[in-house]
Amino acid sequence: MADLTLTTFDWVPEMPRGLVRDLRVRWALEEARLPYRVNSVPFGDRGPEHFAHQAFGQVPWLTDGDISIFETGAILLHLGELSPALMPAEPRGRSEVIKWVFAALNSVEMAGLPWAMFKFTGEPASKFLDEFLKIRLKHLEQVLTGREWLAGSFSVADILMSDVLRPIDRFDGLAGHPACRDYIARATVRPAFVKAHADQMAHFAAGDRSR
């Protein structure tokens with residue numbers, strides 16, 4: 001197997017810790033038990049090499065041998081091809097996972113992220129954003145009622161969807177959506193998530209000591 005290296009920031013402020021998106025990749029790698037290394041780039045000095053790997057100066061990105069991939073959806077789909085623990089190999093199961101990966105990013109995160117950003121800054125979200133998010137959550141609640149995971153067995157789709165929902169839940173945006181809350185709870189008690197989250201927090205805490 002090629003050498004897998006996850007690259008993230010060497011440090012971030014306290015508020016986003018536990019939510020920085022390298023967590024999604026750490027989680028997938030732990031679920032699949034794929035060996036990997038973690039590399040750091042400066043939070044405050046994003047030079048040409050950084051932009052060569054991540055076109056928007058963000059994190060994370062993953063290198064797999066001579067392949068460099070950014071955007072967590074693309075990274076997780078790549079990892080899904082490496083392990084049946086993350087995505088089935090058979091076409092029907094694979095297509096189920098892929099459609100829910102895109103649903104997490106394009107239907108739910110596009111509503112939840114702007115809403116959560118307002119909450120992070122202490123500003124009230126607009127009525128439009130509130131209603132937009134409520135509509136998306138209403139439909140997702142119906143999907144998750146009586147369903148353990150989105151595509152049958154646990155997959156990268158669940159890593160993405162549960163992580164998309166976590167910041168919404170942090171600001172009590174899932175009040176009245178018990179199936180969504182139960183889904184997050186199931187996902188985040190998995191040992192791979194617990195380890196990935198602890199590793200990210202330790203990584204950024206180490207950055208505190210070096211500043």
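This is a short selection-by-selection tour of a single predicted chain.

**Start with everything shown**

Put the whole chain on screen as a cartoon. You should be able to pick out eight helices and four strands. Walking from the N terminus, the order is β-α-β-α-β-β-α-α-α-α-α-α. The radius of gyration is 17 Å, close to the 17 Å that the globule rule gives for 211 residues, so the chain is as compact as a globular protein of that length. If you draw a box along the principal axes, the C-alpha atoms fill roughly 45 × 40 × 30 Å.

Switch to a surface for a moment. The accessible area comes to about 10500 Å², and carbon and sulfur atoms own 57% of that. Of the 211 residues, 47% count as buried. Colour by charge if you like: the 24 positive and 27 negative charges have mean positions 4 Å apart. As for contacts between residues at least 6 apart in sequence, 69% of them join residues at least 24 apart.

**Select 59–64: into strand 3**

Come in through the loop between helix 2 (48–53) and strand 3, which is where Pro60 sits. Check the peptide bond between Val59 and Pro60: it is cis, with omega at about 5°.

Now show side chains on strand 3 itself. Trp61 and Thr63 point one way, Leu62 and Asp64 point the other way, and all are buried.

**Add strands 1 and 4**

Which strands does strand 3 pair with? Strand 1 (residues 4–9) is one of them, running antiparallel to strand 3 and joined to it by four bridges. For a marker on that side, select Leu4, whose bridge partner in strand 3 is Asp64. Strand 4 is another, again antiparallel and again over four bridges. Here the marker is Leu62, with Ile69 as its bridge partner in strand 4.

**Zoom on Gly65**

Gly65 is in the loop between strand 3 (61–64) and strand 4 (67–70). That hairpin has two residues between its strands, and Gly65 takes a positive phi near 65° there. Is Gly65 buried or partly exposed? With a relative accessible area of 48%, Gly65 falls in the partly exposed class, because that class ends at 50%. Next, draw a C-alpha to C-alpha distance from Gly65 to Asp3: you should get 5.4 Å, for a pair 62 residues apart in sequence.

**Two more positive phi values**

Follow the chain out of strand 4 to Glu71, in the loop that leads to helix 3 (72–80). Glu71 is not a glycine, yet its phi is positive, about 75°. Its relative accessibility of 37% makes Glu71 partly exposed.

Then jump back to Arg33, in the loop between helix 1 and strand 2 (37–41). Arg33 also has a positive phi without being glycine, this time near 55°. At 76% relative accessible area, Arg33 is exposed.

**Last stop: Arg26**

Stay around helix 1 (residues 22–32) and select Arg26, which is part of that helix. Is Arg26 buried or exposed? Buried: its relative accessible area is 3%, and the cut-off for buried is under 20%. To see what is around Arg26, show its contacts, leaving out residues up to four places away in sequence. You should find Leu6, Thr8, Tyr36, Val38, Ala196, Asp199, Gln200 and His203. Leu6 and Thr8 in that list take you back to strand 1, which spans residues 4–9.

Definitions and conventions
Residues numbered from 1 in each chain as written. Predicted model: local features only at pLDDT ≥ 70, side-chain atom pairs only at ≥ 80, totals over all residues. Heavy atoms only, no water. Buried < 20%, exposed > 50% of the residue type's maximum accessible area, 1.4 Å probe, protein only. Rg over C-alpha atoms; globule rule 2.2 N^0.38 Å. Contact = heavy atoms within 4.5 Å. Areas by Shrake-Rupley, 256 points an atom, 1.4 Å probe, with all protein chains shown as cover. Lys, Arg positive; Asp, Glu negative; His and termini not counted. Charge placed at Lys NZ, Arg CZ, Asp CG, Glu CD. Pairing = 2+ DSSP bridges.
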